[in-house]
Amino acid sequence: MSTQNAFRRFAGTEGYIASGPLVDAVNCSIALERPLLIKGEPGTGKTVLARHVAEGLGMPLLTWHIKSTSKAVEGLYVYDTVQRLNDSRFGGGDVSDISRYIKLGPLGRSFAAEKRMVLLIDEIDKADLEFPNDLLRELDEMRFTIMETGEEVAARERPVVLITSNNEKELPDAFLRRCIFHFIDFPGREMMKQIVDVHHKNLDAKLLDQVLIKFYWLREQNELRKKPSTSELVDWIAALLRSGITPDQVESHIPFLGALLKKEQDVEALESYDKRGGRYPNKWSDLGPRYNQ
Ligand SMILES: Nc1ncnc2c1ncn2[C@@H]1O[C@H](COP(=O)(O)OP(=O)(O)O)[C@@H](O)[C@H]1O
Ligand SMILES: [Mg+2]
């Protein structure tokens, strides 16, 4: 394999539209064996990217969903003291063998696996600030020691690590220094057409234009508290298709608003705009220059 081919391990998949810079960032992270930190507004495909990287590389995917209560050590292993106590009470085998009660977490399993894996640490910004700091050494060295048994778990094959953040919290500099970073920009008109095509093959071109014009127009309305995202667009189109609506009906209206707007104030704002006889754009030229280059 030439050096260039060896670098380009990931080339995207049919089910995921990845920009050139995103593909480069994935390949850079694989080549340098550093975690890839992906940021971007909700619904820009951060979580599903991991599935497609795994698919593209032909590796299994392990996911660690982070919650506000997540602790870094749980990703490595947990010591099931409750089970051990139960066993000692009710005679469940050799309780002096502590290793029976050590359960590897997602990070631990990805280290212990025989084959190289893709590990997704999803929504790292949900946890407290200590969380990323506590993972620095393990992610760097890809090894850790199980305190209770003294056993060391070292990665046989360093996993491909993807970390997502919705930017709810700033991540520590020491953590950022160890990652490759990519921000997924909100997709523009042409890229969004490709993304829609992945989910709704061969959509009527006129309907596609009408839904995208309405969608981007809605996103431009500053008073909205929550802008609709790509996933909501995909759902909205599914609702339109199932209802058998014609492109003409989407020309002058936004049917099934509930698929796009998720805050009552936003729905009310649009309904009152409608009542006041507000107009909806139906040509790309009705939108700003950003959409007409
Ligand atoms: N680039 C893309 N290619 C294909 N589908 C996409 C893309 N971006 C977003 N989607 C769709 O949007 C949905 C939301 O993506 P998700 O990964 O959950 O977003 P995030 O994790 O950034 O909030 C996915 O189910 C996927 O169907
Ligand atoms: Mg996500």
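In the predicted model, Asn167 is classed as exposed, because 12 other C-beta atoms lie within 10 Å of its own and exposure is assigned at 12 or fewer. This residue is found in the loop that joins β8 (160–165) to α8 (173–177), and its phi is positive, at about 70°, although Asn167 is not a glycine. Most residues other than glycine have a negative phi. A second non-glycine residue with a positive phi is Glu33, for which the angle is about 55°. Glu33 is placed in the loop between α2 (20–32) and β1 (36–39), and it too counts as exposed, because it has 12 C-beta neighbours inside 10 Å.

A positive phi, near 80°, is also found at Gly277, which follows α13. Helix α13 itself comprises the 12 residues 264–275, and its end C-alpha atoms are 16 Å apart, which agrees with the span of 16 Å that should result at 1.5 Å a residue.

Another loop glycine, Gly105, is located between β4 (102–104) and α6 (106–112). With 18 other C-beta atoms within 10 Å, Gly105 is partly exposed, because this count falls between the limit of 12 or fewer for exposed residues and that of 20 or more for buried ones. When neighbours within four places in sequence are left aside, the contacts of Gly105 are with Glu74, Gly75, Leu76, Tyr77 and Val78. The C-alpha atoms of Gly105 and Val73 are 8.3 Å apart in space, although 32 residues separate the two in sequence.

The surroundings of ligand 1 comprise 17 residues, of which Gly45, Lys46, Thr47, Val48 and Ser231 come nearest. Three elements, namely α3 (46–57), α9 (189–199) and α11 (230–243), each give two or more residues to this shell. In terms of residue character, the shell around ligand 1 is made up of nine polar residues, seven nonpolar residues and one charged residue. Residues are contributed both by domain 1, which covers 3–71 and 106–183, and by domain 2, which covers 189–291, so ligand 1 lies between the two domains.

Methods. Residues are numbered from 1 along each chain as its sequence is written. Chains are lettered from A and ligands numbered from 1 in the order in which they are written. This is a predicted model: local features need pLDDT of at least 70, side-chain atom pairs count only at pLDDT 80 or more; totals for chains, interfaces and linings use all residues. A residue is near a molecule or strand if its C-beta atom, placed from the backbone, lies within 6 Å of it. Helices (H or I, at least four residues) and strands (E, at least two) are DSSP runs, numbered from the N terminus. Ala, Val, Leu, Ile, Met, Phe, Trp, Tyr, Cys and Pro count as nonpolar, Asp, Glu, Lys and Arg as charged, and the others, Gly among them, as polar. Domain bounds come from an automatic or database domain assignment. The expected span of a helix is 1.5 Å times one less than its number of residues. Two residues are in contact if their C-beta atoms, placed from the backbone, lie within 7 Å.
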